Amino acid sequence: MSLIHLYDTTLRDGTQAEDVSFLVADKIRIAEKLDDLGIHYIEGGWPGSNPKDISFFKEIKKVRLKQAKIAAFGSTRRAKTTPDKDNNIRTLIQAEPDTVTIFGKTWDFHVHEALRISLEENLELINDSLAYLKSHVGEVIYDAEHFFDGYKANPEYALQTLKAAEAAGVDCIVLCDTNGGTLPHEIAPIMDKVRSAIATPLGIHAHNDSECAVANSLMAVACGAVHVQGTINGFGERCGNANLCSIIPALKLKLKHDCISDEQLKTLRILSRTIYELANLVPNKHQPYVGNSAFAHKGGVHVSAIQRHAETYEHIRPELVGNLTRVLVSDLSGRSNILVKAEQFNINLDSKDPLTQEILENIKDLENKGFQFEGAEASFELLMRRALGTLRPFFSVIGFRVLDSKRVEEEKPQSEATVQVKVGGRIEHTAAEGNGPVNALDHALRKALESFYPQLREMRLLDYKVRVLPAGKGTASVTRVLIESGDKTGRWGTVGVSDNIIDASYQALIDAFQYKLVKDQENAE
């Protein structure tokens, strides 16, 4: 099949998303990761719009990329000026990118209302802007903004704008669904009309306002587009852009198009999570292909089936995109779930062993009380080890006390925790302060345990979530606490449930410490 060029605009269009912002150093790091993935074009920003983008184009010149071309984004010249005198056009050239991409108006409504010029004048500024850039830059791409809306409103004029771009010698014409309102069935007939009128290679740039950006992009490729624009994780203004994390595996694995290598595809999940991390956003666990839940199985019937043939409930092998099959443990579980999870933790269980059924019943009883082991797999492993009698008692907590006090109205409350722990035959009694009762308890436990287990100093509490379980008891309701902890080698989740939030937090904290010590012991053996 034909080569499809991938054009990433995470660093420009993606940063227009609410809550997404990158430092220049972040943008450089992301560009390097995109290059490693095999992306053909990386749109670094709009150098005429802000100092940060100007800095990016300066700094990226110091980076040796393997294959990706760096693209600068801008617009056609302003009305009543010439390209050589237009500051936006000059700035694009001064940035010295490999490629320049500019957008122009395709919808007659925008020409009249936004630019307030005649339709003929708009054709002129599209043509001479692109012709001028083409004479100064090696490769020029034209984004036909609002093309599909423009075509539906005035097909003849929309096609004239594309012809004006083609006459300027542009290298690729990208049809944009800027408002994201086009549906997949509308793509094919419009693309057919464009292909009959335009010989220049075509691309697609879709927004996700109707949840159709990925579908529209794939449909455009099926109709002859050889260039696809999008962002990692679908970042973008309003509802986002076409998600390259879904488009790339669909192109390669399902449509059999050449775009990136098999080895590069295996890095897709890591790249997705890296960009979430740099954006300081929690990854979408339900994201197709790369999300934690993309290949997660909960129902016992499903688990039993995938053990025999994974394709019974998985549309691709998750390893192809760097993901993996996960077996969740819940009140829907059957013996198959327990056995698969035990195997993942190198715990030997027999399906006929009464202990397997005992563990299953215990899990269902705990979840009935509010426990949740999805996202708390460390607590689940510890539960199985306790049932088997293989969990070493690294320490025991004799008791703890947490005090919150507020001495002056305007000041924040002060939190202090006191704990007594026993390790071997020795009892340690310590106290510590913290930013809130849970933080104080965490500090006190660490203070007591680190003299025995100094490796706990490298463990960090990464995330803390509290959920009030629906019981209709108001402030007396049961709470569930999920804690994510980590060290230099990995991350793990633990859970606690109680009608006392401090007790629930304590349960999850204790499991987190226990799991760290279990793993360190295994790694040392």
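Q: What volume does the second largest pocket have, and how do I read that number?
A: Rolling a probe the size of a water molecule over the atoms shows where empty space is left. Here the second largest pocket comes to about 300 Å³. A pocket is an open set of points on a 1 Å grid over the protein atoms alone, with protein on both sides within 12 Å along at least five of seven lines; a cavity is a set where a 1.4 Å probe fits but cannot get out. The volume is the space filled by probe spheres set on the points, which are joined across faces, edges and corners. Keep in mind that this is a predicted model: local features need pLDDT of at least 70 and side-chain atom pairs pLDDT 80 or more, while totals for chains, interfaces and linings use all residues. Residues are numbered from 1 along each chain as its sequence is written, and side-chain values use heavy atoms, leaving out hydrogens and water.

Q: Which residues of the lining lie nearest the centre of that pocket?
A: Lining residues have an atom within 4 Å of a point. There are 18 here, and Asn208, Glu211, Val214, Asn243 and Ser246 lie nearest the centre. Helix α9 (residues 213-222) gives the most, three residues; helices are DSSP runs of H or I, at least four residues, and strands are runs of E, at least two, numbered from the N terminus.

Q: How many cavities of 30 Å³ or more are there?
A: One, with about 40 Å³ of space. Its lining is Ser272, Arg273, Tyr276, Pro283, Asn284, Gln287, Val290 and Gly291.

Q: Why does Cys212 make no disulfide?
A: A disulfide is a pair of cysteine sulfur atoms within 2.5 Å. The sulfur of Cys212 can't bond because the closest cysteine sulfur, in Cys239, is 11 Å away. Likewise, Cys259 is unpaired because its closest cysteine sulfur, in Cys245, is 13 Å off. The whole structure has zero disulfides.

Q: Is Asp86 buried or exposed?
A: Buried means under 20% relative accessible area, exposed over 50%, partly exposed in between (1.4 Å probe, protein chains only). Asp86, at 1%, is buried. Its place is the loop between β3 (69-75) and α3 (87-94).

Q: Which backbone nitrogen does the Asp86 side chain reach at 3.0 Å?
A: A polar contact is a pair of N or O atoms within 3.5 Å; within protein, one must be able to donate a hydrogen and the other to accept it, and residues adjacent in sequence count only if both atoms are side-chain atoms. The Asp86 side chain reaches the backbone nitrogen of Asn88 at 3.0 Å, and the backbone nitrogen of Ile89 also lies 3.0 Å from a polar atom of that side chain.
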